[in-house]
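Good morning, colleagues. Today I should like to discuss helix packing, taking one pair of helices at a time. Please have the sequence and the structure in view.

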Amino acid sequence: MIVFITGTSRGLGRFLKQRLVQRGHTVVGCSRAPAQGSDDLRLDVTDASACEDALRWIKQRHGRIDAVVNNAGYHLVGAALETTPEELRAQMELNFFGSVNVLRAAVPLMIEQRAGRLVNVGSIGGVLASPFAAAYNASKFALEGYAAALRAECAPFGVHVSNLTPAFVRTGTHGRSLVATRGEHALFSPHRMKVLRHMEAGGEKGVPMEAVARALERTLSARQPRFHDSVDGLAARLALLRVLMPQRMFEAIMVRNTAPGWPEAATRSLPNPSNRSGTLTLQPPRREPDGTPLRPAPQAGMRRRGHPH
């Protein structure tokens with residue numbers, strides 16, 4: 001097969017390229033800054049015209065393109081309110097629009113040859129959201145929806161679209177692919193680095209890159225490849241739990257496992273409006289004599305439900 005992979009300068013992308021070459025495939029990789037001596041193409045996937053030129057060059061050189069693998073991207077760590085508009089746009093520009101540029105450049109060539117595989121190395125973050133990952137989740141959810149629509153549009157022409165959705169992967173490059181926001185917010189910023197360190201630790205305990213390579217090989221060799229391959233099954237199991245469990249319980253589990261200590265940190269950081277000293281205190285909720293939460297009295301002119309005026 002003639003395979004094009006983005007983001008092959010390091011980590012998972014480089015591993016996938018080497019693995020497919022070992023299996024006898026012809027692989028063209030690319031990165032924004034190829035290492036000295038590398039045969040990778042120099043390509044910035046956020047440049048749509050450059051992506052079109054690269055895909056046309058591969059088609060002319062090799063006669064066809066059998067598969068394209070979108071792998072380039074990074075993970076911005078930070079709460080929604082501390083993520084600057086520039087950071088959000090940059091995250092979307094690479095993770096979403098960069099992938100779209102590659103897909104749009106490849107699809108016409110594959111439709112012309114009536115065959116092809118388009119594979120996005122996505123993330124569980126495109127299926128389930130977690131705190132301190134708003135921008136990243138937005139980019140992956142967007143790609144998830146785009147790919148689902150593209151899959152239906154391209155199927156009549158023999159072009160298959162698939163997403164790989166692993167959780168943590170042991171790439172050894174989390175220090176470079178995880179980026180903390182530069183914005184500041186009094187309620188969220190103190191906990192941001194704790195989440196970042198938790199994610200770095202999770203990356204060292206994730207599935208091996210070998211597991212992602214096997215999932216990619218399944219997708220490339222299947223007669224009718226599935227849309228989703230969760231690699232280790234975690235994304236599929238969590239998606240099922242989301243349907244079966246009460247919503248609040250599931251959300252609590254997600255927060256506890258992706259941002260440990262966050263609910264408690266949030267309440268400790270919440271300022272008390274009646275406290276003018278500037279210190280942060282937490283007031284217990286007011287309750288009725290029987291222990292139930294105290295309901296506010298209805299305002300004048302408001303109608304009690306079930307008791308018309």
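In α1, the residues Gly11, Leu12, Phe15, Leu16, Arg19 and Leu20 meet Met209, Glu210, Val212, Ala213, Arg214, Leu216, Glu217 and Leu220 of α7. By class, this contact of α1 with α7 comprises nine nonpolar residues, one polar residue and four charged residues. I should say at once that we are looking at a predicted model.

Now the geometry of that pair. Helix α1 covers residues 11–22 and helix α7 covers residues 209–221; their axes lie 10 Å apart, and the packing angle is about 55°. At that angle, α1 counts as oblique to α7. The crossing of these two helices, α1 and α7, is right-handed.

I turn next to α3, which takes part in two further contacts.

Helix α3 runs over residues 85–113. What span should its 29 residues have, at 1.5 Å a residue? The expected value is 42 Å, and the end C-alpha atoms of α3 are 41 Å apart, which agrees. There is nevertheless a kink in α3, of about 40° and centred on Glu93. The residue that follows α3 is Arg114, and its phi is positive, near 60°.

The partner of α3 that I take up now is helix α2, residues 48–62; the axes of α2 and α3 are 8 Å apart, with an angle of about 35° between them. Is this crossing right-handed or left-handed? For α2 and α3 it is right-handed. On the α2 side, the contact involves Ala48, Cys51, Glu52, Leu55, Arg56 and Lys59, and on the α3 side, Asn101, Val102, Ala105, Ala106, Leu109, Glu112 and Gln113. These residues of α2 and α3 divide into seven nonpolar, two polar and four charged.

The remaining pair is α3 with helix α4, residues 134–154, where the axes come within 8 Å and cross at roughly 15°. An angle under 35 degrees counts as roughly parallel, and therefore α3 is roughly parallel to α4. Here too the handedness can be stated: α3 passes α4 in a right-handed crossing. Among the α3 residues that meet α4 are Leu88, Met92, Phe96, Val100, Leu103 and Val107, and the α4 residues they face as a group include Ala135, Tyr136, Leu143, Tyr146 and Leu150. The contact of α3 with α4 has 14 nonpolar residues, together with four polar and two charged.

Thank you; I welcome your questions.

Technical notes. Residues are numbered from 1 along each chain as its sequence is written. This is a predicted model: local features need pLDDT of at least 70, side-chain atom pairs count only at pLDDT 80 or more; totals for chains, interfaces and linings use all residues. Side-chain values use heavy atoms; hydrogens and water are left out. Axes are lines fitted to C-alpha atoms, for helices over the stretch in contact, and angles run from 0 to 180 degrees between N-to-C directions. Helices (H or I, at least four residues) and strands (E, at least two) are DSSP runs, numbered from the N terminus. Angles under 35 degrees count as roughly parallel, over 145 as roughly antiparallel, 65 to 115 as roughly perpendicular and the rest as oblique. A crossing is left-handed if the near helix is turned anticlockwise from the far one by less than a right angle, and right-handed if clockwise. Contact means heavy atoms within 4.5 Å. Ala, Val, Leu, Ile, Met, Phe, Trp, Tyr, Cys and Pro count as nonpolar, Asp, Glu, Lys and Arg as charged, and the others, Gly among them, as polar. The expected span of a helix is 1.5 Å times one less than its number of residues. The bend at a residue is the angle between axes fitted to the seven residues ending there and the seven starting there.
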